[in-house]
Amino acid sequence: MNSKEFIINSLRENIKERFPRPEVNISHIVYPDKLKQFIEISTGVGGRAEVLGEGESIDDAVRRLFPDAGRIACNLLEVTCATYNPDYIDTPAELNGTDLVICRGIFGVCENAAVYFEQEYLQRSIYFISESLLILLPKDQLVDTMHDAYRRVPNEPPGEFRCFISGPSKTADIEQALVMGAHGARQATVLLV
Amino acid sequence: MSTTHAKAAKAFLSDKVNAEWHDKTLYMVRAKRDRLSHAIPEWEELRHTARDLKLYSNSHLPELIEEFEKNATANGCHVHYAKDAEEYCSIIEEILRNHGVHKLVKSKSMLSEECNLNPYLIEKGYEVIESDLGERILQLLNVRPSHIVMPAIHLKRETVGKLFEEKLGSQEGNSDPTYLTHQARKALRQDFLNADAAMTGGNFAVASTGEVIVCTNEGNADMGMSCQKLNICAFGIDKIIPDLESLGIFTRLLARSATGQPITTYTSHFGRPHKGGEQHFIIVDNGRSKILGMPQHHKVMNCIRCGACMNTCPVYRRSGGYSYSYFIPGPIGINLGMLHDPQKHSGNVSACSLCLSCSYVCPAMVDLGEQIYIWRQKLDGLGQANSQKKMMSKGIQFLMERPSLFHSALKMAPIANKMPRFVLYNGLNAWGKERELPHFAKQSFEAWWKQNHQKKNTK
């Protein structure tokens, strides 16, 4: 008997009662002003979210929000201020030292400022290794809670990796003192376009 | 009369300032949890649904395991099964060996603590680097976690400062948490990049998608798993949930319960291997299937390891994680320890005031306090009942069966009020330790009742 059979047999022997699947039907919070809620909660989780200014290009916004960023990674056609395309780089070590990565988010969640994205860069590490992260998110793509969020996440994983990100990387492991920038981005900004 | 827990707690409490800080800090986390959960009107509905989903998934594991394996395999991942800790360790070692790995970068996994993975691998010559900041601190100090979510909560910044000075070459005397965190960031970044493989535990394994979900604030699991192409995720069978709809429930509960955040920074879905890489999933039993067969205890398997029961527990807060003999402390640890080895861990069941606060905060509604009570009833059967307490119970029984003796004893009780302190506050009277005894009333309630009410009623 292999270990899989061992585990399955042990489960069949031990489980005495089979409980029914509950119906998941939660009457949850609905935010009347989704944009306002999303921006507020983004600050609450240590990040920031703002709407692209009228007449402002994404390049303008990048320079305004990250004036000191020198090495900027991006593969999006609408961003021309990027200094390199990470898809042409072979190893994560070469991505280290990136000041800013710009990527696309698919939708945002108003209860917790999480943004759902699917891996679009060839190197998964660019999302985490960069000092700062800028997510471009369509401002009409905001949902209230994780219930709505997971209704929008396809059951079949489309690529290697997908993730929700809410704010910057953080830790409170030393005396519960909150510090931004544990391992991932020290700053996370959502630009609502 | 002291249990192993009580004896160890005495050592923790000898540093009064630190003990008070520990208590207050964890209560602050509990208060944050309260604020966030109270802001969700449907909170109780979420808890009930989480409980029912866990009862469903844990009782349908044979099917859900098959479904997970089918989907994960279709996604190009390798699925392994480990019936116990030994097999878990050897599967991981074999994967590393087959790929010529020397250095493994690890994200936090309580399962690896449970199975003693690090010593196993280190003994075989591998370099193992913990990457969660708290876990890394503990690894450098060569000690175990004292909390499942905040593993280094018992340490002060000065200890970490000194440690980093020695191990990472940080500035002498600088114990600023921001400075120290960024020193660790700098050092660990090199480890993420120059390791040969990455490993993590898992918060949830979704049967319908074949993905493992890892929730962290630091992003250490992501750094490791994205910088390295050989990836291993190992998790207990109890982490399997049916689908994304269920994940919607659990992701709303987990971080709010754990640290009082609306969600962790990263909720990562590990689904397919890197191009040119490998993703291995290891599904571990190690006694879990047997627990599902124990009618009074199977609900422990609902636990999603948020640690809320520790933060709220008045005994945990005032005694620290190291006072418990099992590697997981607090209410959930008392239960898991008893399920693992009751002879070895019965000294923990006294670490409970039966206030049941743990049961009320548990997001998956595990009846933690109630189960501790059940374990206490079983102590005698396990040969672990305290002999002094047994003698006292017999004494009380003797008294209760003899009403006249009971009444005269009651009448004499107020004598204790006038006894000199040394008679009452000494090593023989455990109730007089660290507290003042209550004053006995001059008259018993029964006597008072008879005097004031029975007379009236008979008039």
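**Helix H12 and the core of chain B**

Helix H12 of chain B (residues 244–258) has 15 residues, which at 1.5 Å a residue should span 21 Å, and its end C-alpha atoms are 21 Å apart, in agreement with that expectation; the expected span is 1.5 Å times one less than the number of residues, and helices (H or I, at least four residues) and strands (E, at least two) are DSSP runs numbered from the N terminus. This is a predicted model, in which local features need pLDDT of at least 70 and side-chain atom pairs count only at pLDDT 80 or more, while totals for chains, interfaces and linings use all residues. Residues are numbered from 1 along each chain as its sequence is written, and chains are lettered from A and ligands numbered from 1 in the order in which they are written.

**Helix H12**

- A kink of about 25° in H12(B) is centred on B:Phe250, the bend at a residue being the angle between axes fitted to the seven residues ending there and the seven starting there.
- Because 14 of its 15 residues are buried, H12(B) is largely enclosed by the rest of the structure; buried residues have 20 or more other C-beta atoms, placed from the backbone, within 10 Å of their own C-beta atom.
- B:Gly260, which follows H12(B), has a positive phi, near 70°.

**Nonpolar core**

- The largest nonpolar core (buried Ala, Val, Leu, Ile, Met, Phe, Trp, Tyr and Cys residues joined through C-beta atoms within 7 Å) has 163 residues, and among those touching the most other members are A:Val101, B:Ala197, B:Ile240 and B:Phe250.
- H12(B) gives the most to this core, with eight residues.
- At least three residues of this core come from each of domain 1 (1–16 + 307–385) and domain 2 (40–155 + 196–289) of chain B, with bounds that come from an automatic or database domain assignment.

**Strand E4 and its neighbours**

- Strand E4 of chain B (residues 197–200) is covered on both faces, with B:Ala197 and B:Met199 buried on one side and B:Ala198 and B:Thr200 buried on the other.
- E4(B) pairs in the parallel sense over three bridges with strand E2 of chain B (residues 103–106), where pairing requires that DSSP finds at least two bridges between the strands; in this pair, B:Val105 stands opposite B:Ala198.
- E4(B) also pairs in the parallel sense, over three bridges, with strand E7 of chain B (residues 230–236), in which B:Cys233 is the bridge partner of B:Thr200.

**Chain B overall**

- Chain B has 23 helices and ten strands, and 49% of its 459 residues count as buried.

Key: Buried ≥ 20, exposed ≤ 12 C-beta atoms within 10 Å, placed from the backbone.
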